[in-house]
Amino acid sequence: MVDFIGVGRVRELLARRGTARFIEELAAEIEADFRRWDAFEKSPRHATHSSVGVIELMPASDGRLYAFKYVNGHPKNTQDGLLTVTAFGVLADVETGYPLLLSELTLTTALRTAATSALAARYMARRDSRVMALIGNGAQAEFQTIAFHHLLGIREVRLYDTDPAATDKLERNLARLRVPGLRVVRCASTADAVQSADIITTATADKRNATILAPELIVPGVHVNAVGGDCPGKTELHRDILLRSDVRVVVEYEPQSRIEGEIQQMAADYAVSELAAVFAGRAPGRAGNHEVTVFDSVGFALEDFSALRYLQRIHHEERGARPQIDLVPELEDPKDLFGLVAAQPQRLVSTGEVAA
């Protein structure tokens with residue numbers, strides 16, 4: 001039997017752990033795994049693109065455990081009442097190849113993205129950062145707000161979305177949370193939102209090369225958390241932002257980010273640092289208070305590996321139902337797979353019949 005974590009169980013784990021604690025613990029798992037970067041077999045995700053979206057497979061392994069995530073991105077889905085992103089994942093034992101866990105990752109992807117964003121900002125944003133602009137108020141926005149408030153001490157979040165209903169939704173959810181010490185400001189434009197912001201988070205969904213942030217909106221010392229650009233032909237930052245002489249860009253996995261991130265706009269020799277090098281102290285996240293820092297976040301399989309392992313651990317730690325599914329046959333004789341079939345009454349195709 002294989003452990004199974006569905007949406008209901010993740011909601012139960014979040015209720016027991018608390019969303020802020022869940023994100024904090026998950027961030028610690030992600031950082032620990034990035035610190036053992038060389039232990040992992042890594043590759044860019046495998047993507048199948050269509051005119052309306054993308055379906056991706058994201059594998060990672062440390063030689064003991066193997067994980068993969070199936071994830072899609074279809075921005076037009078919301079017009080039909082469907083999610084833009086859905087995902088599930090598997091954690092498996094490398095020695096036997098047996099799956100250990102099958103889990104939902106739609107909700108968990110939002111949590112791990114927020115955890116990674118805040119974790120990167122710990123190393124890249126100014127230590128006195130207290131105001132964040134949040135451009136794009138869709139499915140990721142609440143998680144980013146909770147993560148930055150809890151892990152970095154953000155005290156004001158400035159909201160803007162081209163869809164006023166998205167901002168309505170975000171305001172309602174943040175009001176319901178009653179986050180202590182957090183001021184929520186609704187803004188009339190991106191330019192309005194970024195005024196006085198120490199951190200700018202962009203989390204938009206359109207699959208196109210967009211200019212969510214223009215060069216004139218970027219002031220010295222700001223940290224940009226660019227979340228929305230995550231596939232070829234999908235960016236959020238004007239190219240000239242990346243050409244500033246005072247800019248420092250950090251990515252998760254450079255070979256993947258060259259294809260999918262903001263740096264897909266740049267030449268192959270454009271200088272970036274990887275997040276693992278920043279965590280290990282081999283590269284600075286920020287060299288000074290006047291530097292502009294950009295976390296070019298596209299999402300990397302190692303973060304999902306960490307998330308699946310974390311889910312498996314707390315699935316067993318926390319009370320409540322711990323369902324399993326019979327995903328793999330259990331046999332007395334491992335060479336007799338047909339025995340599963342032979343043990344059941346069956347009708348064989350007789351002479352003269354054609355099998356369907």
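**Exercise 1.** In this predicted model, determine why helices α4 and α5 are described as oblique to each other.

*Solution.* The conclusion to be reached is that α4 and α5 are oblique to each other. First, identify the elements: α4 comprises residues 141-152, and α5 comprises residues 164-177. Next, consider their axes, which come within 10 Å and cross at roughly 40 degrees. Angles under 35 degrees count as roughly parallel, and 65 to 115 as roughly perpendicular. The crossing of α4 and α5 is therefore classed as oblique. Finally, the handedness: α4 passes α5 in a right-handed crossing.

**Exercise 2.** State which residues of α4 meet α5, and describe the character of the contact.

*Solution.* On the α4 side, the residues are A141, E142, T145 and I146. Their counterparts in α5 are K169, L170, N173, L174 and L177. Sorted by character, the residues of this contact comprise five nonpolar, two polar and two charged.

**Exercise 3.** Establish the strand order of the seven-stranded open sheet and identify its edge strands.

*Solution.* The order reads β2-β3-β4-β5-β6-β1-β17, and the pairing is mixed. At the edges stand β2 (46-49) and β17 (324-325), each of which pairs on one side only. For β17, the pairing is with β1 (residues 2-5), in the antiparallel sense and over two bridges. Within this pair, V2 has I325 of β17 as its bridge partner.

**Exercise 4.** Locate helix α3 relative to the strands.

*Solution.* Helix α3 spans residues 106-124. This helix lies across β3 (54-61), β4 (65-73), β5 (87-93) and β6 (99-104). Relative to β6, helix α3 runs at about 85 degrees.

Terms used
Residues numbered from 1 in each chain as written. Predicted model: local features only at pLDDT ≥ 70, side-chain atom pairs only at ≥ 80, totals over all residues. Heavy atoms only, no water. Pairing = 2+ DSSP bridges. Helix = DSSP H or I, 4+ residues; strand = E, 2+ residues; numbered from the N terminus. Contact = heavy atoms within 4.5 Å. Axes fitted to C-alpha atoms, helices over the stretch in contact; angles between N-to-C directions. Parallel < 35°, antiparallel > 145°, perpendicular 65-115°, else oblique. Left-handed = near helix turned anticlockwise from the far one by under 90°. Nonpolar A, V, L, I, M, F, W, Y, C, P; charged D, E, K, R; others polar.
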